[in-house]
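Reader: Hey, got a minute to go through a model with me? Let me pull it up first.

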Amino acid sequence: MNDPERPLGRPRPEPRRSLAVCALIGAALMAAVDEIVFHQLLAWHHFYDRSTTDIGLLSDGLLHTAELLALVSGFFLYADLRRRRALAAAHARAGLFIGLGAFQLFDGVVDHKLLRLHQIRYGTDVTPYDWAWNLGGLALLLIGCALALRAARRSRSEPTT
C-alpha cells in the first residue's frame with residue numbers, strides 16, 4: 001500500500017521501531033557495563049548475592065547470556081532498519097539513552113532496593129553509591145526523553161513528501 005504523497009521507492013522512517021530497537025541496545029550495553037565493571041573487574045558484587053559464591057557466579061553468567069542475546073538481537077534489528085532505510089536516527093539516539101537509563105534505574109531501584117538481589121558494594125555505606133548510580137540512570141533517562149521529544153517535534157514538522 002503506497003502513500004499517494006510519498007514518491008515510489010522512497011522508504012518511510014520508522015520512529016517508534018527505531019526508538020525501541022535502540023532502547024534494547026542501550027539496556028544491553030548498560031547491563032554489559034555493569035557486568036564487566038562491577039561484577040568482574042571490581043568484583044564488588046554478583047547479580048545474586050544472597051547465596052553461595054558459586055550461585056553468584058552462575059547468576060552473573062545468566063545475566064551475561066541475557067545481555068549478549070539482547071545486544072545481538074538489537075543489532076540485528078538495527079541492521080534491518082538500516083537495510084530497509086527505515087532508521088529514524090534522532091529517535092534511535094533517544095532510544096539508546098532511554099535504554100541506558102532505564103536499565104540503570106531498574107537495577108538500582110528494583111534489584112538493589114526492592115528485591116535486594118545485591119548491593120553495589122559491601123562493607124561500606126552504600127548511600128553515596130546508590131545516589132550516584134540512580135541519579136546517573138535518571139540523568140540518562142531524562143536525556144533520552146528530551147531527545148525523544150525533540151525528535152517527535154521535528155518529525156511532525158517535516159513535510160510528508
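Reader: Where does Val-37 sit?

Author: Val-37 is in helix α1, which covers residues 15-41. Keep in mind that this is a predicted model.

Reader: Ok. Is Val-37 buried or partly exposed?

Author: Partly exposed, because its relative accessibility is 30%.

Reader: And which residues form the nonpolar patch on the surface?

Author: Val-33, Ile-36, Val-37, Leu-41 and Leu-42. Together they have about 410 Å² of accessible area.

Reader: Switching topic: how many disulfides does the structure hold?

Author: Zero. Cys-22 is in none, and the nearest cysteine sulfur, in Cys-145, is 15 Å away.

Reader: Why no bond for Cys-145?

Author: Its closest cysteine sulfur is the one in Cys-22, and 15 Å is too far for a bond, since a disulfide needs the two sulfurs within 2.5 Å.

Reader: Are those cysteines buried or exposed, then?

Author: Cys-22 is buried, at 6% relative accessible area. Cys-145 is partly exposed, at 35%.

Reader: Now α2. What's its reach, end to end?

Author: Helix α2 runs over residues 53-83, 31 residues in total, and spans 45 Å from first C-alpha to last. That's close to the 45 Å expected at 1.5 Å a residue.

Reader: What do the buried residues of α2 pack against?

Author: They pack against α1. Among the buried ones are Gly-56, Ser-59, Asp-60, Leu-63 and Glu-67.

Reader: Why would spacings of three or four places turn up in a helix?

Author: An α-helix has 3.6 residues a turn, so residues three or four places apart point the same way.

Reader: Last one: which residue with a positive phi follows α2?

Author: Arg-85, with phi near 55°.

Notes: Residues are numbered from 1 along each chain as its sequence is written. This is a predicted model: local features need pLDDT of at least 70, side-chain atom pairs count only at pLDDT 80 or more; totals for chains, interfaces and linings use all residues. Side-chain values use heavy atoms; hydrogens and water are left out. Patches are made of residues with over 30% relative accessible area and no salt bridge: like charges are joined within 9 Å, nonpolar side chains (Val, Leu, Ile, Met, Phe, Trp, Tyr) within 5 Å. Accessible areas come from the Shrake-Rupley method with a 1.4 Å probe; for residues, only the protein chains shown count as cover. A salt bridge is a side-chain nitrogen of Lys or Arg within 4 Å of a carboxyl oxygen of Asp or Glu. Helices (H or I, at least four residues) and strands (E, at least two) are DSSP runs, numbered from the N terminus. Buried means under 20% relative accessible area, exposed over 50%, partly exposed in between (1.4 Å probe, protein chains only). The expected span of a helix is 1.5 Å times one less than its number of residues. Contact means heavy atoms within 4.5 Å.
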